Structures are given as structure tokens and as C-alpha cells.
Amino acid sequence: MSVLVRIPTPLRTMTKGQGELKTEAATIQELIDRLDQDYTGIKARLCEDDGNIRRFINVYVNEEDIRFLQGQATPLKAGDEVSIVPAIAGGSSDGRRVRAIACGR
Amino acid sequence: MGYVKGLKCRECARPYPHKPLHVCEFCFGPLEVDYDYPAIGRAVDHRSIESGPPNIWRYRALLPVEGEPVVGRYCGFTPLVRARNLGKALGLTQLYVKNDTVNHPTLSFKDRVVAVAVIKALEFGFPAVACASTGNLANSVAAHAAEGGLTSFVFIPSDLEQGKVVGTSIYAPNVVAVDGTYDEVNRLCSEVADKYGWAFVNINIRPYYAEGSKTFGYEIAEQLGWRAPEHIIVPAAGGSLITKVWKGLKEFYNLGLLPAVPTRMHVAQAAGCGPIVNSIKAGSEIIRPVKQPRTIAKSLAIGNPADGYYAFKVVKDSGGSGEHATDEEIVEAMRLLAVTEGIFAETAGGVTVAAAKKLVQQGVIGRDEVTVISVTGNGLKTQEAVASALRIPTHIKPTLTSFDAALSQNLTVAGGSGVRRDA
């Protein structure tokens with residue numbers, strides 16, 4: 001099941017500069033493990049030591065926050081788009097509108 | 001001169017230098033200012049603070065600035081009003097209103113954070129300051145930038161109250177009205193900050209900016225005679241104020257300036273945009289963003305609060321709670337505060353008063369417990385919200401007969417006809 005993964009700018013040093021990747025995974029958990037196989041160390045950036053996704057990393061499957069789906073068990077199907085977005089870091093060098101930046105007036 | 005050690009990630013505690021950074025590059029958590037507390041403890045006591053100037057700079061040792069404040073020198077130390085009349089109306093004997101409707105220079109608590117932020121922007125040598133704002137922040141950034149001789153850019157949602165737009169434009173900043181919600185404005189500003197390298201006070205200067213809010217809590221404690229109240233009701237938009245008021249009280253306690261902090265911190269939000277209160281009521285630390293905020297309390301209309309999780313945590317840690325206010329309740333509470341205490345608060349003040357009322361009714365706040373309602377902005381900025389609910393003036397001709405007729409028909413006089421007998 002090939003899904004598209006969008007990598008935020010600060011993590012692209014780990015993905016050889018790639019902003020978008022295609023990978024095979026049936027769930028978000030699998031996707032993270034798979035990414036870590038291909039790009040060693042990326043899981044430590046995305047997850048706490050206990051394996052849970054860090055509080056200030058938002059993960060979206062087709063624009064829906066996985067916290068409101070099934071979290072890391074959220075299933076993926078072919079063609080899904082997964083976005084990894086730092087909650088407050090913002091910014092996007094590829095011109096794509098970054099979504100869901102948390103706010104403070 | 002200052003006591004800043006550097007910055008520290010609030011999540012993973014990684015240290016960062018004293019620079020305009022705001023996000024941990026490892027775990028993406030927010031950065032926070034780290035101080036040399038033992039040194040502050042040696043330098044500060046009740047007397048040293050009391051002998052300081054009557055503004056936020058009496059707490060300078062606990063603020064992240066280096067030299068003498070160069071802007072916002074008269075900010076803060078606003079009245080802590082002993083609100084006997086409002087207390088009577090709500091059923092409380094020990095009620096206070098922390099009144100930032102008269103903060104200097106732009107009549108909201110935002111002057112506290114912006115004074116610090118603009119000083120930092122100058123310290124760091126930024127060519128321009130900027131902000132994404134629901135209005136009060138816009139006023140304050142434009143005013144302080146003018147004072148500091150900095151160019152400013154202010155991004156606001158295009159549906160803001162006229163008072164807030166005029167109250168910004170007078171200082172001649174670059175005002176950009178964005179067709180979108182505040183959350184969309186903020187998102188855009190994150191990209192602008194990256195591209196243009198300006199000091200966005202609530203984005204890349206945020207760790208420093210947010211520290212200014214602690215002074216709201218410091219003042220409450222000092223003005224109560226160096227004690228912390230049993231309840232503080234705080235309005236929440238991004239959720240930063242409540243976390244910093246709490247931090248301020250804890251710092252005072254740790255420095256030996258307060259004997260105890262028994263304070264329960266309560267969050268007040270509008271019913272039409274209450275992501276933090278929703279989480280508190282649901283008992284879930286996950287803040288579900290509100291996509292389309294709908295409330296007259298536009299200064300609180302942030303659907304995706306940056307400090308929502310931390311605000312939630314402060315409420316949990318302090319044994320507090322959260323309450324909503326509908327638009328009708330907001331207007332009613334604004335009027336109640338005005339007619340009981342003579343204080344004209346903006347809509348956010350209506351939200352806190354309305355929330356306090358509910359907390360009393362629910363028995364969360366006890367009759368004789370020391371309670372502080374935070375009023376963070378001035379009603380003259382949001383007149384549209386209440387104008388239609390108010391009694392219009394009684395029109396008369398310039399004759400005594402006309403006035404007499406009006407008096408017998410339309411006007412209210414407490415304690416009788418109002419005709420003087422001693423003439």
C-alpha cells in the first residue's frame with residue numbers, strides 16, 4: 001500500500017532533502033517504523049522514548065488529525081497522504097500552505 | 001544585569017542559547033526562558049520589589065530583559081479593585097477584579113507582553129516587529145514599535161471591531177487585514193516570519209514575550225499583601241496568560257515571597273470558541289481545534305491554542321476548572337461589571353465575569369474565598385458588542401419643562417424623585 005508522506009523542513013536533513021516520500025505501510029505506526037528503517041533516527045525525532053508520537057508533532061491522514069482517528073493505529077490505504085507537521089514550528093519552504101499551526105494572539 | 005541563562009525546551013529540557021528561537025529543533029516543543037533563580041533569590045525580596053517603580057519593571061529581575069527598559073516604561077501595576085458590589089451580586093465576600101482595562105499605553109494586558117517583546121526585538125537588532133493579532137496585540141505592538149522607532153507589521157483578521165482597527169492604525173504601522181480566521185492569519189504569519197526575518201512577537205519572540213504575562217500574577221499577589229488568592233479566573237485565547245500567571249505565583253513561592261500558593265486556576269472561554277474549556281470538561285488533554293470560532297469575544301477567538309495543553313495542565317495541577325459563556329451571557333456580564341463596579345471591560349472581561357458567576361453557582365468558588373477575576377481589556381474597543389443592548393439617551397428640548405416631563409416618564413432616580421428639598 002503506497003502512501004505519500006510529507007516531511008517538514010526541519011526533518012529534511014534526515015531524508016536527504018526530500019520533502020515528499022512514497023512508502024509502504026498499513027498503519028501510521030508501521031509508517032513510522034518503516035521511515036526509521038530507511039532514515040535511521042527519524043523515529044526518535046517523531047516519538048517519545050515510549051514510542052508515542054511527541055506532543056508537538058501533528059500527523060494528518062488526508063487532512064484529518066490522527067488524534068481524532070485511531071492515533072498511531074490509524075489504518076492507511078493506497079493513495080493516502082500523510083503530513084507530518086510540527087505544531088508550532090510553522091514555515092514551509094516548498095510554498096505549500098502549512099496547516100494547523102497552533103496559535104497565540 | 002539580567003538573570004537569563006538561556007532558553008530551554010519545555011518538553012525535552014534541551015538547552016538553547018539566549019537568542020530569538022522559539023521551537024526545539026529536536027522535539028519541536030516550545031522553548032521557555034531559563035533563569036538563574038539562585039541569583040535572583042539573592043537579589044530580590046519584598047522590600048526590593050516594593051521600592052521599585054509602580055509598573056512591571058519592579059519585577060525586572062524576573063523578566064528576560066538585559067538593560068534598562070527602553071519602551072513600555074509605564075506598563076502595569078494596574079488596580080486590584082476590591083469589588084464589593086459585584087461580589088454582592090455574585091454572592092462573594094472577598095472578590096477582586098484585576099483591572100487591566102487601564103493598562104498603559106493601549107488599555108489591555110497585552111502591553112505587558114509587548115513591552116518585553118519589543119525590548120527583545122531591539123536587543124536582538126531586528127529591523128521590524130510584527131504580530132498576528134485579534135486586536136489588542138495589534139494596538140500594543142503598533143504603539144510600542146512607534147515608541148521604539150521600529151517599523152511594524154500588524155496582521156489582523158478582516159472582521160475585527162472598528163475600535164481595534166483605528167486603535168492600531170493611529171500609530172501608523174503597516175496593517176494587513178487578512179480574509180480569514182485568526183488561526184489562518186497566524187499560519188500565514190509563521191510563513192512570513194520565516195521568509196522576512198522580522199520579530200513576530202507572538203511567534204519567534206514568543207518565549208520572551210510570554211514572560212511579560214507573569215507580571216499579571218505577580219501584581220495580584222503583591223497587591224493582596226503578598227499572598228496568593230484561592231481562585232483566579234483567567235480568560236484564554238492561546239492559553240498563555242493562565243500558564244504564566246501560574247508560573248509567576250510558583251516563582252514567587254519558590255523565591256520565598258509567598259508563604260503558599262493555594263490558588264485554583266480557572267479558564268474562561270466563549271461558548272463559540274472554547275477548545276480549552278471543552279478539553280477540561282471532557283477530561284482529555286487533547287485539545288480539539290475549533291475550526292470556525294463564533295463569538296462576539298473576538299479577542300478570544302483562537303480555535304487552535306498554542307498553549308492549550310499547558311493551560312489544561314495548569315487547571316488540572318491547581319484543581320481548577322473551566323467555564324464557557326454564550327454571547328448573551330457575555331453582554332449581560334459586561335453590563336453587570338459596569339453597573340456594579342464602574343468598569344467597562346471588553347468582551348473578554350464579560351467572559352470571565354460570566355464564568356465566575358457560573359463557578360459560584362456550581363459551588364466551585366465558596367462565598368468567603370479570596371477570588372480574583374481577570375479583566376484584560378477595555379470595553380471602549382469593542383463597543384459594537386454591547387451598543388444594541390444599552391438604553392439609548394433620553395432626548396429632550398433645552399427647557400426645564402421638557403426635562404421635568406422626561407424625568408417623570410423615562411429616567412430612573414435612586415431614592416425618590418431627585419428634586420432637591422434644601423434649596
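Visitor: At roughly what angle do the axes of helix 10 and helix 12 of chain B cross?
Guide: In this predicted model, the two axes come within 8 Å of each other. Helix 10 of chain B passes helix 12 of chain B in a left-handed crossing. The axes cross at roughly 45°, and that makes helix 10 of chain B oblique to helix 12 of chain B.

Visitor: Which residues of helix 10 of chain B meet helix 12 of chain B?
Guide: Let's start on the side of helix 12 of chain B, where Y310(B), A311(B), V314(B) and S318(B) take part. By class, this contact has 5 nonpolar, 2 polar and no charged residues. From helix 10 of chain B come I242(B), T243(B) and W246(B).

Visitor: Helix 12 of chain B also packs with helix 11 of chain B, so how far apart are the axes of that pair?
Guide: Helix 11 of chain B covers residues 275–282, and helix 12 of chain B covers residues 308–318. They pack at an angle of about 45° and are therefore oblique to each other. Helix 11 of chain B passes helix 12 of chain B in a right-handed crossing. Their axes are 10 Å apart.

Visitor: How many nonpolar residues does the contact of helix 11 with helix 12 of chain B have?
Guide: Helix 11 of chain B brings P275(B), I276(B), S279(B) and I280(B). They meet G308(B), A311(B), F312(B) and V315(B) in helix 12 of chain B. There are 2 polar and no charged residues in this contact, and the nonpolar ones number 6.

Visitor: Happy to move along the chain. Is the crossing of helix 4 and helix 5 of chain B left-handed or right-handed?
Guide: Helix 4 (residues 110–124) and helix 5 (residues 136–148) of chain B pack with their axes 9 Å apart, at an angle of about 40°. That makes helix 4 of chain B oblique to helix 5 of chain B. The crossing is right-handed.

Visitor: How many charged residues are in the contact of helix 4 with helix 5 of chain B?
Guide: Helix 4 of chain B contributes K110(B), D111(B), V114(B), A115(B), V118(B) and L122(B). On helix 5 of chain B the partners are N136(B), L137(B), S140(B), V141(B), H144(B), A145(B) and G148(B). The contact has 7 nonpolar and 4 polar residues, and the charged ones number 2.

Visitor: Which strands are at the edges of the sheet with the order 8-7-6-9 in chain B?
Guide: This is an open sheet of 4 strands with parallel pairing. Strand 6 (residues 128–132) of chain B is joined to strand 9 of chain B by 2 bridges, and A130(B) stands opposite F200(B) in strand 9. The edge strands pair on one side only, and they are strand 8 (174–178) and strand 9 (199–200) of chain B.

Visitor: Which helix of chain B lies across strands 6, 7, 8 and 9 of chain B?
Guide: The helix in question runs at about 150° to strand 7 (151–157) of chain B. Its residues are 182–196, and its name is helix 7 of chain B.

Visitor: And in the sheet with the order 2-1-3 of chain B, how many bridges join strand 1 to strand 3?
Guide: This open sheet of 3 strands has antiparallel pairing. Strand 2 (15–16) and strand 3 (31–35) of chain B stand at the edges with a single partner strand each, so one side of each is left without a neighbour in the sheet. K8(B) stands opposite E32(B) in strand 3 of chain B. The bridges that join strand 1 (residues 4–9) of chain B to strand 3 number 5.

Visitor: Zooming out, which helix gives the largest share of the side of domain 2 of chain B that touches domain 3 of chain B?
Guide: Domain 2 (80–106 + 213–387) and domain 3 (110–211) of chain B have centres separated by 24 Å. In their contact, 25 residues of domain 2 touch 20 residues of domain 3. The elements giving two or more residues to the domain 2 side are helix 9 (214–223) and helix 10 (240–254) of chain B. The largest share, 3 residues, comes from helix 9 of chain B.

Visitor: One last backbone detail: in which loop is P105(B) found?
Guide: Most peptide bonds are trans. The bond from H104(B) to P105(B) is cis, with omega near 0°. P105(B) is found in the loop between strand 5 (95–99) and helix 4 of chain B.

How values were computed
Residues are numbered from 1 along each chain as its sequence is written. Chains are lettered from A and ligands numbered from 1 in the order in which they are written. This is a predicted model: local features need pLDDT of at least 70, side-chain atom pairs count only at pLDDT 80 or more; totals for chains, interfaces and linings use all residues. Axes are lines fitted to C-alpha atoms, for helices over the stretch in contact, and angles run from 0 to 180 degrees between N-to-C directions. Angles under 35 degrees count as roughly parallel, over 145 as roughly antiparallel, 65 to 115 as roughly perpendicular and the rest as oblique. A crossing is left-handed if the near helix is turned anticlockwise from the far one by less than a right angle, and right-handed if clockwise. Two residues are in contact if their C-beta atoms, placed from the backbone, lie within 7 Å. Ala, Val, Leu, Ile, Met, Phe, Trp, Tyr, Cys and Pro count as nonpolar, Asp, Glu, Lys and Arg as charged, and the others, Gly among them, as polar. Domain bounds come from an automatic or database domain assignment. Two strands pair if DSSP finds at least two bridges between them.
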